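User: I have a structure open and would like to go through it slowly, one question at a time. Could you help me reason from what can be seen to each answer?

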Amino acid sequence: HKLYRYVSEHTAEYWARTFMTEFRNCHTNKPHLSKLPKLNINKVVKAYERAKNRLIISDYDGTLMRIQTLPQLATPAPAII
C-alpha cells in the first residue's frame with residue numbers, strides 16, 4: 001500500500017516538513033477546494049474559543065471515509081460537512 005510505504009520509508013521530520021509544504025500549497029492554490037463552502041474565520045475562532053472540547057481534523061481519506069484511489073476523489077459526505 002502506497003501510504004504504508006511512505007510512512008515506513010520516511011522520518012517524522014520529513015513527513016512534517018512535506019506536510020506543511022503541501023498544506024501551504026493547498027492554502028495558496030486551492031483548486032480542489034472550490035466545492036467546499038468558505039468558513040467565516042471570525043465565527044470559527046469564536047466557536048473554537050467557546051468550546052470545552054476541540055477536535056481539528058486535517059485529513060479524512062481513510063479515517064472518516066473509505067480510502068480512494070486518487071486523493072481528489074476523497075470528498076466528504078454531505079453529513080460530514
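User: Is phenylalanine 19 buried, partly exposed or exposed?

Analyst: This is a predicted model, and the question turns on relative accessible area, where buried means under 20% and exposed means over 50%. The relative accessible area of phenylalanine 19 is 28%, so the residue lies in between those cut-offs and counts as partly exposed.

User: Which residue forms an aromatic pair with phenylalanine 19, and how are the two rings arranged?

Analyst: A search of the whole structure turns up one aromatic pair. Its rings lie 5.1 Å apart, centre to centre, with 15° between their planes, and planes under 30 degrees apart count as stacked. The arrangement is therefore stacked, and the partner of phenylalanine 19 is tryptophan 15.

User: Where along the chain do these two aromatic residues sit relative to each other?

Analyst: Both tryptophan 15 and phenylalanine 19 belong to helix 2, which covers residues 12–29. Because they are four residues apart in that helix, the separation between them is about one helical turn.

User: Which side chains meet in the salt bridge?

Analyst: The structure holds one salt bridge, and its N to O distance is 3.0 Å. One participant, at 44% relative accessibility, is arginine 17, which counts as partly exposed, and the other has a relative accessible area of 48% and is partly exposed too. Since they are four residues apart in helix 2, about one helical turn separates them. The side chains that meet are those of arginine 17 and glutamate 13.

User: Which residue lies over the face of tyrosine 48, and at what distance from the ring centre?

Analyst: For a charge to sit over a ring, CZ of Arg has to be within 6 Å of the ring centre, among other conditions. The face of tyrosine 48 has such a neighbour at 4.5 Å from the ring centre, and that residue is arginine 54.

User: Which residues form the nonpolar patch on the surface?

Analyst: One member of the patch, valine 45, is found in helix 3. Patches are made of residues with over 30% relative accessible area, and valine 45, at 37%, counts as partly exposed. Together the patch residues have about 370 Å² of accessible area, and they are Leu39, Ile41, Val44 and Val45.

User: What pattern does the protein follow along its sequence?

Analyst: The protein has three helices and zero strands. Read along the sequence, this gives the pattern α-α-α.

User: Which element has the highest mean pLDDT?

Analyst: Across the protein the mean pLDDT is 77, and 73% of the residues reach 70 or more. Among the elements, the lowest mean, 76, belongs to helix 1 (residues 2–9), while the highest, 92, belongs to helix 3 (residues 41–50).

User: What percentage of the residues are buried?

Analyst: The protein exposes about 7,900 Å², of which carbon and sulfur atoms supply 60%. Of its 81 residues, the buried ones make up 4%.

Terms used. Residues numbered from 1 in each chain as written. Predicted model: local features only at pLDDT ≥ 70, side-chain atom pairs only at ≥ 80, totals over all residues. Heavy atoms only, no water. Buried < 20%, exposed > 50% of the residue type's maximum accessible area, 1.4 Å probe, protein only. Areas by Shrake-Rupley, 256 points an atom, 1.4 Å probe, with all protein chains shown as cover. Phe/Tyr/Trp six-rings, centres within 6.5 Å; stacked < 30°, edge-to-face > 60°. Lys NZ or Arg CZ within 6 Å of the ring centre and 35° of its normal. pLDDT = per-residue confidence, 0-100. Patch = residues over 30% accessible without salt bridge, like charges linked within 9 Å, V, L, I, M, F, W, Y side chains within 5 Å. Salt bridge = Lys/Arg side-chain N within 4 Å of Asp/Glu carboxyl O.
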